[in-house]
Number of protein chains: 8
Amino acid sequence: GFAKIDYHREIRKGFPEVIFCGGKTPQQVKEIAFNMYKNGSDVLGTRASHEHFEAVRELLEKAVYYETARIISIRNTPPRKTKGIIGVVAAGTSDLAVAEEAAVTAELMGNTVKRFYDVGVAGLHRLLDKIEEIRECRVIIAIAGMEGALPTVLGGLVGSPIIAVPTSVGYGANFHGLSALLAMLNSCASGVSVVNIDNGFGAAYSASLINKIGEEGK
Amino acid sequence: GFAKIDYHREIRKGFPEVIFCGGKTPQQVKEIAFNMYKNGSDVLGTRASHEHFEAVRELLEKAVYYETARIISIRNTPPRKTKGIIGVVAAGTSDLAVAEEAAVTAELMGNTVKRFYDVGVAGLHRLLDKIEEIRECRVIIAIAGMEGALPTVLGGLVGSPIIAVPTSVGYGANFHGLSALLAMLNSCASGVSVVNIDNGFGAAYSASLINKIGEEGK
Amino acid sequence: GFAKIDYHREIRKGFPEVIFCGGKTPQQVKEIAFNMYKNGSDVLGTRASHEHFEAVRELLEKAVYYETARIISIRNTPPRKTKGIIGVVAAGTSDLAVAEEAAVTAELMGNTVKRFYDVGVAGLHRLLDKIEEIRECRVIIAIAGMEGALPTVLGGLVGSPIIAVPTSVGYGANFHGLSALLAMLNSCASGVSVVNIDNGFGAAYSASLINKIGEEGK
Amino acid sequence: GFAKIDYHREIRKGFPEVIFCGGKTPQQVKEIAFNMYKNGSDVLGTRASHEHFEAVRELLEKAVYYETARIISIRNTPPRKTKGIIGVVAAGTSDLAVAEEAAVTAELMGNTVKRFYDVGVAGLHRLLDKIEEIRECRVIIAIAGMEGALPTVLGGLVGSPIIAVPTSVGYGANFHGLSALLAMLNSCASGVSVVNIDNGFGAAYSASLINKIGEEGK
Amino acid sequence: GFAKIDYHREIRKGFPEVIFCGGKTPQQVKEIAFNMYKNGSDVLGTRASHEHFEAVRELLEKAVYYETARIISIRNTPPRKTKGIIGVVAAGTSDLAVAEEAAVTAELMGNTVKRFYDVGVAGLHRLLDKIEEIRECRVIIAIAGMEGALPTVLGGLVGSPIIAVPTSVGYGANFHGLSALLAMLNSCASGVSVVNIDNGFGAAYSASLINKIGEEGK
Amino acid sequence: GFAKIDYHREIRKGFPEVIFCGGKTPQQVKEIAFNMYKNGSDVLGTRASHEHFEAVRELLEKAVYYETARIISIRNTPPRKTKGIIGVVAAGTSDLAVAEEAAVTAELMGNTVKRFYDVGVAGLHRLLDKIEEIRECRVIIAIAGMEGALPTVLGGLVGSPIIAVPTSVGYGANFHGLSALLAMLNSCASGVSVVNIDNGFGAAYSASLINKIGEEGK
Amino acid sequence: GFAKIDYHREIRKGFPEVIFCGGKTPQQVKEIAFNMYKNGSDVLGTRASHEHFEAVRELLEKAVYYETARIISIRNTPPRKTKGIIGVVAAGTSDLAVAEEAAVTAELMGNTVKRFYDVGVAGLHRLLDKIEEIRECRVIIAIAGMEGALPTVLGGLVGSPIIAVPTSVGYGANFHGLSALLAMLNSCASGVSVVNIDNGFGAAYSASLINKIGEEGK
Amino acid sequence: GFAKIDYHREIRKGFPEVIFCGGKTPQQVKEIAFNMYKNGSDVLGTRASHEHFEAVRELLEKAVYYETARIISIRNTPPRKTKGIIGVVAAGTSDLAVAEEAAVTAELMGNTVKRFYDVGVAGLHRLLDKIEEIRECRVIIAIAGMEGALPTVLGGLVGSPIIAVPTSVGYGANFHGLSALLAMLNSCASGVSVVNIDNGFGAAYSASLINKIGEEGK
Ligand SMILES: Nc1ncnc2c1ncn2[C@@H]1O[C@H](COP(=O)(O)O)[C@@H](O)[C@H]1O
Ligand SMILES: Nc1ncnc2c1ncn2[C@@H]1O[C@H](COP(=O)(O)O)[C@@H](O)[C@H]1O
Ligand SMILES: Nc1ncnc2c1ncn2[C@@H]1O[C@H](COP(=O)(O)O)[C@@H](O)[C@H]1O
Ligand SMILES: Nc1ncnc2c1ncn2[C@@H]1O[C@H](COP(=O)(O)O)[C@@H](O)[C@H]1O
Ligand SMILES: [Mg+2]
Ligand SMILES: [Mg+2]
Ligand SMILES: [Mg+2]
Ligand SMILES: [Mg+2]
Ligand SMILES: [Mg+2]
Ligand SMILES: [Mg+2]
Ligand SMILES: [Mg+2]
Ligand SMILES: [Mg+2]
């Protein structure tokens, strides 16, 4: 067929291939999902529209759709939950879709997740109020658009590794997320690494690999 | 001659033309400075090297050189001092040259200036320790390179107008100040406006016009 | 809820948090507006569509919609008017939406505003005809797209601080406002600081903070 | 040899090939200049350093060097002068080198040239004082760095075609002339066309072709 | 009203203000056109849609619409025709809209125009077949997208001044016309100046000013 | 003084402030290093030249200089070594300086480090030969310039989190590291996060925070 | 008419002009196709929509439409097939349209083509499984979006020339294909040359010229 | 050691690894060259300075230095010469270094090479004079800076595959070769593929792989 699913990935990475529904037709997603499910894999589809979900549900009734996160999930294996926590910290209301993509992906990969939303640095007290709770997280995903200052401020306040996600939220000279991306790459705080603009999925994946180290000592 | 000094500027703007020594030879700067001084103007030269200063001092003994700020000054009029304060807040040690260009320009334009240096957001307590003092300033010049988060954090903490100055401090994906510039233009805090990368002079000029409003009610 | 309104902001900045309706659903805007209004705040929503307004008006009958400015306003406090004037100067007919966003925001923040529209520098006499009136303004917001020359020409003619707003008006090598943005940041005139492309709101906010200095001496 | 001089160009374009000394060694320039001179051509070398000139003068004693313009000239034909005037209008003192490259090239191509220097728009009266004289020019070369507003303001004041030359004068967000280049390409005034950053030579060449139309009716 | 028409422009530039219909509503264009027509001006509207035209025709029956050129014209004065010719040379079929914007504008400004279309350099013989006819034009407008080589090849073949118009035709690394724009600005041929991407109008305006020099000797 | 050392950082982040010697004078570095050392901190200086080191050694004899890594180190505390390994994998010989900055920083922060150098993907067997050894590392730092493919290929082969470091190695369209940076941000492999161009230090810092999780279960 | 078909091209290049349907109306494409067919040429139209095809089929019943490849073909000459193989290797499912544009174009130009799809480097074994078969191809077209690593990895594994095609597949910092384009231009593997983003057609054309060398020894 | 030479490359690619001397010390180059030579490989070093060559010659007397090409060569195997010709066509005198890097690399890889220099399109007759000779080449390397039009014009005139090399020759809006690079990627001629800016080596490598197909039928 048109797609060669990488069934070996689960062995190498501890998690099966994830379907990026972005440029695919509902029919294509449905087919890939069905093959993976039959094969015994957990199925995770990101950037999924309602149409993608409807197509998948025709064949797979247990499929679940996370609307804000734009994620489809079908489980073959029982859910797990880590002891260590991944904190998902988001600056503004408009970063919600990216934040949920990160949080839901992390949960579906077996992690315990805590959400800290709308705590952007222009109202610093909102962040400081939560800082003790955030400090208890083993890994932090920090999400912000516009000037992208949140990961830097967090980086100065906590000792856990931070995965920063720039979002395309903003207009004009934010150039579709470039301002936040550059800001995060140039963070004067240490312990911050960065993923692609709006890539909540990628941040959750990295955070999950890190979080698992704590579980198992690896 | 090669230069047409805009003597009328003092009347329109309240301050005479300023010499940008940047692309000029010592001989050119000396000539312009001498003509302006003879004409009764205060003389201010920015981006001045030692060579520029030596050339000017040959003719004008009272010339003063501010080394870190790279500024030459020759006064014809007695110094003034505003009641209102301009706060110059800088993120890191490497932003010193830009910060001093701003502070010295503002002082030479007759303003009372307070300096708050090396208070970048990666060690937030340093900024919070000074915040009451900063709040008392009528206008704030906020200077930062790299991710340029300082003006945004300040903008969430104080009620005075902020002039943000991105600096070219950094490397790689800071693209000579672009990261800080974009971050400041996209600040999620309100009351922040921005000048060119490394333009301490321009920030001081704007801040001075604003500060004078408070003196005179205008 | 999904949003953490920063009620403390009014104390820090003299004005409550403003709702950026841009990426939000009508339902979200309605909820936030209602909570703020109940809390006693004045409510200001920018980048609001007709749909946003209809949703808000269902709960809050006194809501007012400024169509060209794309602004929703609901007042809890009586309107004020400063003695000092903010001048809103715009280059072309196509800059109207940004100019009105600036003018209406400034008015709703209690400022007296004068509008000078379609006075771009390609027909200089239109600007020179108004220059005496513009000189009387305490602060000036200068708005232009394309080559963005207006703030520079104004900066050479008046002594008040200028907040420059580049607009995305134009095509081709204007790259969605980049040409005007860079031109304004590199202005050879002094006393000009810049906000984001199309950010009439931000310019009005800064201008309002400055204008208030004159009222109160601060 | 390494270079194939296009001797036919004079017939096609009315002026022989011009040597861009930029990336060439003194030895290469000397050889090309000598061959062209022997062939009866007028020789024009731009972006020439002192070293280039010294090498050329060894073989060709009549060679003349224009220092500010960085031009070498050796004439085989008697100088001409058009009746129509090319006006070279430059914004600041730092644009001198580019302005002289334009002015000297135009003169060596047989045009009558008038210079209007340091008349940038931040001190508009300097430009308005000269405007009647500028209006009498058949073609105008308008040179500016930083925000590049001069050609736009001129374009609103005169009826002659304008060739705009952005210069790399400035720093920070001028990105080596990009700000002025974009501003000129987006000029809201009509009758303005643009050449490469710092390309005084190219502007003079176009202006000369245009000026000759007026001489000969062509 | 919302628009301040620059009626003085005809005196300064020899042609009245032109309406850029781009960002305007049909109602706005109709009003401006009507006022200009009543005032005795010729009316020219560029980037006009069918809707713009329908609105204008309601009030002004003699309005003419040039579909490919997207131009509205209403004449108050009798048409003229220059003796000198403006040649409009376009590389590909997809550049037609820009080419017609240039050709029709030039004709409406009173110029005699010759069109040479689909003569791009990838089939050089098509251009060489026409070159004698092109050489007879007093000014040449050269239009091309993609790699934008046409003005350079023409510049090596003819002695008339060339106004180059980059178009946004292409995809991928043409970045909406950037490739053609940069190519034209860096042309190794002389006598080429450049206008904004897709700006057929601006090229025609410059070409018309140049062509008139030949008529009148000016 | 000019610098406000953030002594509190060690408590928050587990490691004291690090001196970026980049824009600082030898005298400034010496002073800061001395103060920190006296205060009981371990001292780490990155981007240090020979001159920086000589200045520091005058006061602090135990200072050690890592030449290729451009790092100065002075220890107050006894060295530790983690059980978990950080793998530093570099593509080419020219990436050595960045790789050593990462490796030495990680070692000085108490980590066990393994180096895998010159194993770029253009000779895949070199990487595949080492892959079992690389798989045993708890965290991987993957360093590459030019097309930056190494982290992606690694990401498909191993299950540990990867911190990718783009280097400025290359020329032309690598635009000083932009090509590698964008490639890494867009990696089709999962578990890859990215730091600034040439930022070996930042990668080591993040990797160290992650590696410590495994030691302590945190 | 509006189009000047370059009938001579077949003689110069061995293949007639190809119609880029992209910016053209169905009516324009139909007319050009009809004229070419009548003239005895094979007709190839790329970037063709269903509408384009419907229009063409009205006149030319034998027209064939390749849906995924977006290609229209009408043959006048009998099909040929080379002995040498062009390998079309594509990284992901989303690169299918570009891959088919390349494969179908190559086939219609008379080449034998083998497809290797969804063999991206994040699951390296999929590529290694096919490598012997790929090595037997005389020329390779390597297609990838996102980080564009495929041609580099292939370049290290095979001895045939590689034409790399970056695709616009991805989001955020891929900037519509820029990341893959830059990666391919900076490939550390040798024997890789690059065509425009999404330009499957251009890659096939170059590959076909190369493949024919092997047939004929040329 | 610091370098892992890929001795296997000769088997995979038909040519041993090539030393990029660019970022390496003379000592490093000397060591790598010596090891490769001892191992029986032909040695080729690109971007080599005089210092690199002096270091190599100390150990390897037969080393040859090609000055303009900046190439070091030491042969272990007897030179070969293909029957098919690689044509190296360069636009201007300033492209010489890149052209020689291409020509010498191709020769050292065993190809027969013909040079066609200084035949840029601004003097088209120079190219047309040579076109029959160029048509006889099996592969063409086309080198140009500035507007990069040469490969497009060639692509319309010849039937052989063309490898285009943009050079960084130019200034201002050529942005270090970007203008030529984009022009070549967007060529409206077919059969053109592109390598990195100034990458004469890479073009020669691809051309050599293609030329060998003709020798052996492969
Ligand atoms: N939201 C996402 N962002 C980036 N990459 C993703 C996302 N979702 C899935 N992927 C990756 O995309 C790859 C699938 O690409 P494809 O072969 O085109 O389906 C998988 O390897 C995933 O790891
Ligand atoms: N450091 C500076 N940055 C930006 N502009 C400056 C600076 N110093 C002086 N200027 C302005 O530069 C102008 C002088 O330009 P020029 O005619 O080239 O000497 C004056 O109008 C000043 O207001
Ligand atoms: N197609 C066009 N491209 C660029 N500028 C134009 C165009 N058509 C009209 N203009 C100019 O746009 C200006 C009108 O701007 P506005 O005040 O926004 O209507 C006039 O001065 C015209 O010279
Ligand atoms: N002039 C050049 N331009 C681009 N790549 C080159 C050049 N010369 C050699 N190379 C490649 O650079 C690689 C060596 O990289 P490194 O391991 O850093 O020495 C080899 O694989 C060569 O194929
Ligand atoms: Mg909020
Ligand atoms: Mg510090
Ligand atoms: Mg107007
Ligand atoms: Mg001046
Ligand atoms: Mg055509
Ligand atoms: Mg190597
Ligand atoms: Mg796949
Ligand atoms: Mg030449």
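1. A polar contact here means a pair of N or O atoms within 3.5 Å. With that in hand, take H:K24: a polar atom of its side chain sits 2.6 Å from an oxygen atom of ligand 4. One thing to keep in mind throughout is that this is a predicted model.

2. Staying with ligand 4, H:R9 also reaches an oxygen atom of the ligand, with a polar side-chain atom 2.5 Å away. From chain F, a polar side-chain atom of F:Y171 is placed 2.7 Å from a nitrogen atom of ligand 4. On its own, ligand 4 has 510 Å² of accessible area, and the protein covers 90% of it.

3. Which chains does ligand 4 lie between? It is found between chains F, G and H. There are 16 residues around it, and those that come nearest are F:Y171, G:S190, H:R9, H:K24 and H:T46. Sorted by class, the shell around ligand 4 holds five nonpolar, six polar and five charged residues.

4. Now for ligand 1. Its surroundings come from chains A, F and G, so this site is shared between chains. Out of 16 residues around ligand 1, the nearest are A:R9, A:K24, A:T46, F:S190 and G:Y171. The shell of ligand 1 splits into five nonpolar, six polar and five charged residues.

5. What do the side chains do at ligand 1? A:K24 puts a polar side-chain atom 2.6 Å from an oxygen atom of the ligand. For A:N199, a polar side-chain atom lies 3.5 Å from a nitrogen atom of ligand 1, which is right at the 3.5 Å cut-off for a polar contact. Chain G joins in through G:S94, where an N or O atom of the side chain is 3.4 Å from an oxygen atom of ligand 1. Ligand 1 taken alone exposes 510 Å², and 90% of that is buried by the protein.

6. On to how the chains are arranged. Two copies of a chain are related by a rotation about an axis and a shift along it. For chains E and H, a turn of 180° with a shift of 0.0 Å along the axis lays chain E on chain H with an RMSD of 0.0 Å. That is the relation of a two-fold axis. Which residue of chain E comes closest to the rotation axis? It is E:A149, whose C-alpha is at 2.6 Å.

7. As for how chains E and H meet, 100% of the interface residues of chain E are interface residues in chain H too, so the copies meet through the same surface.

8. Chains F and A can be treated in a similar way: chain F can be laid on chain A by a turn of 180° and a shift of 0.0 Å along the axis, giving an RMSD of 0.0 Å. Here, 100% of the interface residues of chain F are also interface residues in chain A, so these copies meet through the same surface.

9. Last, the salt bridges. Over all chains, the structure holds 96 of them. One joins the side chains of A:E133 and A:K114, at 3.9 Å from N to O. This pair links distant parts of the chain, 19 residues apart. A:E133 belongs to helix α5 (residues 124–135) of chain A, while A:K114 belongs to strand β6 (residues 112–116) of chain A.

Key:
Residues are numbered from 1 along each chain as its sequence is written. Chains are lettered from A and ligands numbered from 1 in the order in which they are written. This is a predicted model: local features need pLDDT of at least 70, side-chain atom pairs count only at pLDDT 80 or more; totals for chains, interfaces and linings use all residues. Side-chain values use heavy atoms; hydrogens and water are left out. A residue is near a molecule or strand if one of its heavy atoms lies within 4 Å of it. A polar contact is a pair of N or O atoms within 3.5 Å; within protein, one must be able to donate a hydrogen and the other to accept it, and residues adjacent in sequence count only if both atoms are side-chain atoms. Accessible areas come from the Shrake-Rupley method with a 1.4 Å probe; for residues, only the protein chains shown count as cover. Ala, Val, Leu, Ile, Met, Phe, Trp, Tyr, Cys and Pro count as nonpolar, Asp, Glu, Lys and Arg as charged, and the others, Gly among them, as polar. Copies are superposed by least squares on the C-alpha atoms of residues with pLDDT of at least 70 in both. Contact means heavy atoms within 4.5 Å. A salt bridge is a side-chain nitrogen of Lys or Arg within 4 Å of a carboxyl oxygen of Asp or Glu. Helices (H or I, at least four residues) and strands (E, at least two) are DSSP runs, numbered from the N terminus.
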